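Visitor: Please show me the model. I would like to ask about its strands and its cores.

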Amino acid sequence: MSSMSSLFMKTPSHANPFHKTPINHNTNKPILTRVSTRVIQPTTTRGVKTRVRCGLIEPDGGKLVQLVVPESERDIKKRVANDLPKVKLSRIDVEWVHVLSEGWASPLTGFMRESEFLQTLHFNSLRLGDGSVVNMSLPIVLDIDDVQKDRISGSNSVALIDSNDDPVAILNNIEIYKHNKEERIARTWGTTAPGLPYAEEAITGAGDWLIGGDLEVIQPIKYHDGLDRYRLSPSELREEFEKRNADAVFAFQLRNPVHNGHALLMTDTRRRLLEMGYKNPVLLLHPLGGFTKADDVPLSWRMKQHEKVLEDGVLDPENTVVSIFPSPMHYAGPTEVQWHAKARINAGANFYIVGRDPAGMAHPVEKRDLYDADHGKKVLSMAPGLERLNILPFKVAAYDKKQKKMEFFDPSRAQDFLFISGTKMRTLAKNKESPPDGFMCPGGWEVLVEYYDSLAASDSDPVKYV
């Protein structure tokens with residue numbers, strides 16, 4: 001059996017060296033080619049055949065931000081941090097430091113100052129010094145309370161420490177401003193109803209002040225959970241795509257187990273990209289690895305399930321890269337899906353698959369979905385700062401009872417299709433019942449059954465933070 005790392009991170013042995021890329025001789029780094037085409041239907045743009053260009057899409061702002069200090073400076077930075085006022089980070093705060101440190105939020109160089117925070121809340125974008133606009137739909141901020149604010153007063157820098165009081169980063173040139181929590185929640189989610197998972201975990205009980213500044217991260221963020229080797233940074237992903245000679249990268253985010261409907265969508269997307277003229281489109285299968293709500297399957301179990309999907313040949317490891325996206329999950333629908341798409345630009349993806357109700361959830365109080373199921377893909381097609389990204393709408397897949405496999409839904413014979421919801425899937429797994437043949441690969445289903453069986457054995461519900 002192939003190891004998980006070889007399945008997930010393997011560079012195909014048959015691949016030719018990556019096509020020769022122009023080099024900036026001042027920096028000795030490759031000059032990346034912009035992919036300027038944007039499509040809603042992947043074969044045409046407003047009736048005109050899509051132009052195919054090779055090369056990875058440039059990061060937002062033209063340069064990938066990397067905030068981890070060189071190894072030679074780490075001991076010095078630790079000593080500096082020890083002499084500074086301290087701000088203790090929550091688990092979610094550390095995840096945001098991780099996101100910022102690797103450049104997922106490029107061109108941000110640290111936690112947002114007030115001008116960046118206000119632009120994000122009101123415009124879902126940031127205007128750069130040269131007048132260009134990049135997308136930024138979620139506030140990436142750090143809260144402090146009155147006591148911390150008074151202790152910091154007069155300092156230009158603070159040390160950020162983890163739950164063990166170990167220094168994680170230094171925040172320089174700081175700015176402290178008011179944290180209007182109600183407005184932040186209302187503008188991010190479109191509601192202030194109680195029961196929003198991220199808001200309750202990270203905002204409602206947070207401090208009344210926000211502190212922004214430039215980050216110096218003392219060392220790479222690690223979680224020591226056995227999964228760190230799959231947390232590839234945008235820079236590492238770009239290197240992997242080059243090794244695989246990718247001329248297009250299409251990203252698929254998920255926070256759920258992969259079933260054969262997902263696989264059908266991803267393999268069909270690659271087929272359509274090949275028809276457009278690309279020679280080697282590579283899939284970035286990118287499960288979210290930060291905070292998720294209590295009833296989502298935990299990351300460790302999802303990664304086990306994804307491994308089985310590749311082992312069982314549902315997806316081809318030769319043209320699939322599976323990596324963990326470190327961002328926390330907000331469940332903020334059309335607002336959040338812009339963040340998910342923007343971050344993948346920085347990782348080198350020029351195509352983004354978007355489905356029904358992306359980043360959505362049920363209304364926390366009323367018996368309805370919080371967001372319109374089609375608004376996510378519509379917003380992505382119009383979002384400021386995402387013009388360079390090609391949006392691929394999710395085709396609806398369902399279980400074809402006649403073909404006994406997942407197929408794209410055909411409304412002319414709707415009676416032949418069965419829609420298996422996430423709730424139904426969880427119920428089947430909890431009861432150790434099998435889904436219809438062809439819904440999910442057997443190995444992947446066994447992992448799900450094992451997970452729900454482990455919950456029953458411990459006689460406990462999933463923990464609040466997973």
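What follows is a short round of questions and answers.

Guide: This is a predicted model, where local features need pLDDT of at least 70, side-chain atom pairs count only at pLDDT 80 or more, and totals for chains, interfaces and linings use all residues. Residues are numbered from 1 along each chain as its sequence is written, and side-chain values use heavy atoms, with hydrogens and water left out.

Visitor: Which residues of strand β15 point the other way from F351 and I353?

Guide: Strands here are DSSP runs of E, at least two residues, and helices are runs of H or I, at least four, numbered from the N terminus. In a regular strand the side chains alternate between the two faces of the sheet. β15 covers residues 351–354, and all four residues named here are buried (under 20% relative accessible area, with exposed over 50% and partly exposed in between, 1.4 Å probe, protein chains only). Pointing the other way are Y352 and V354.

Visitor: Which residue in β16 is the bridge partner of I353?

Guide: Two strands pair if DSSP finds at least two bridges between them. β15 and β16 (residues 390–393) pair in the parallel sense over 4 bridges. The partner of I353 in β16 is L392.

Visitor: Which residue stands opposite F351 of β15?

Guide: Strand β12 (residues 248–254) runs parallel to β15, and 2 bridges join them. Opposite F351 stands F250.

Visitor: Which helix gives the most to the largest nonpolar core?

Guide: A nonpolar core is a set of buried Ala, Val, Leu, Ile, Met, Phe, Trp, Tyr and Cys residues joined through side-chain atoms within 4.5 Å. The largest has 81 residues, and F241 and W339 are among those that touch the most other members. With 6 residues, the top contributor to this core is helix α3 (residues 91–102).

Visitor: Why does this core lie between domain 1 and domain 2?

Guide: Domain bounds come from an automatic or database domain assignment. Domain 1 spans 71–217 and domain 2 spans 228–395. The core lies between them because residues come from both domain 1 and domain 2.

Visitor: Which strands stand at the edges of the open sheet of 5 strands?

Guide: The order is β5-β9-β10-β11-β8, with mixed pairing. Each edge strand has a single partner strand, so one side of each is left without a neighbour in the sheet. The edge strands are β5 (86–88) and β8 (143–144).

Visitor: Which residue in β10 does S157 stand opposite?

Guide: Strands β9 (residues 157–161) and β10 (residues 167–178) run antiparallel, joined by 5 bridges. Opposite S157 in β10 is N172.
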